[in-house]
Amino acid sequence: MTAKKFMETLNPKYQLLTGPFMVEKATGRVVSLGTARSLEFYLEQYENGTLERSSDLYWYPDTE
């Protein structure tokens, strides 16, 4: 449904992520991870709170 919604509206909110990501269970927040390094590297940075910020690092599915 999400891909269809994106094609209908062209709203980036519905765009599928192209790289690795994780979903925080408590908040539903989607955290976009990088592809330049290993998955373990990004998970360690996330756990330590040192994951570099980017314009699309976090996505909240219930917000516009």
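Colleague: How many of the residues of the protein chain count as buried?

Modeller: Of its 64 residues, 19% count as buried, and I should add at once that this is a predicted model. The protein chain exposes about 5,200 Å², with carbon and sulfur atoms supplying 53% of that area.

Colleague: What makes up the secondary structure of the protein chain?

Modeller: There are two helices and three strands, and along the sequence they follow the pattern α-β-β-α-β.

Colleague: Where in the protein chain is confidence lowest, and where is it highest?

Modeller: The lowest mean, 64, belongs to helix 1 (residues 2–9), whereas helix 2 has the highest, at 92. For the protein chain as a whole the mean pLDDT is 76, and 61% of the residues reach 70 or more.

Colleague: Why is Gln45 called buried?

Modeller: Its relative accessibility is 15%, and buried means under 20%, so Gln45 falls on the buried side of that cut-off. Gln45 lies in helix 2, which spans residues 39–48, and, leaving aside neighbours within four places in sequence, Gln45 is in contact with Thr50, Leu51 and Glu52.

Colleague: How many aromatic pairs does the structure hold?

Modeller: The structure holds one aromatic pair, formed by Phe41 and Tyr42.

Colleague: Why is the pair of Phe41 and Tyr42 called edge-to-face?

Modeller: A pair of aromatic rings is described by the distance of the centres and the angle of the planes. Here the centres are 5.2 Å apart, and the cut-off for a pair is within 6.5 Å, so Phe41 and Tyr42 qualify as a pair. The planes stand at 80°, and over 60 degrees counts as edge-to-face, which is therefore the name that applies to Phe41 and Tyr42.

Colleague: Why is Tyr42 called buried, and why is Phe41 called partly exposed?

Modeller: Tyr42 has a relative accessible area of 12%, which is under the 20% limit, so Tyr42 counts as buried. Phe41 has a relative accessibility of 25%, and because partly exposed covers what lies between 20% and 50%, Phe41 takes that label.

Colleague: What sits over the ring of Phe41?

Modeller: The charged end of Arg37 sits there, 4.3 Å from the centre of the ring. The distance cut-off for such a placement is within 6 Å, so the value for Arg37 and Phe41 satisfies that part of the criterion.

Technical notes. Residues are numbered from 1 along each chain as its sequence is written. This is a predicted model: local features need pLDDT of at least 70, side-chain atom pairs count only at pLDDT 80 or more; totals for chains, interfaces and linings use all residues. Side-chain values use heavy atoms; hydrogens and water are left out. Helices (H or I, at least four residues) and strands (E, at least two) are DSSP runs, numbered from the N terminus. Buried means under 20% relative accessible area, exposed over 50%, partly exposed in between (1.4 Å probe, protein chains only). Contact means heavy atoms within 4.5 Å. Rings of Phe, Tyr and Trp (its six-membered ring) pair if their centres lie within 6.5 Å; planes under 30 degrees apart count as stacked, over 60 as edge-to-face and the rest as tilted. A charge sits over a ring if NZ of Lys or CZ of Arg is within 6 Å of the ring centre and within 35 degrees of the ring normal. Accessible areas come from the Shrake-Rupley method with a 1.4 Å probe; for residues, only the protein chains shown count as cover. pLDDT is the predictor's confidence in each residue, from 0 to 100.
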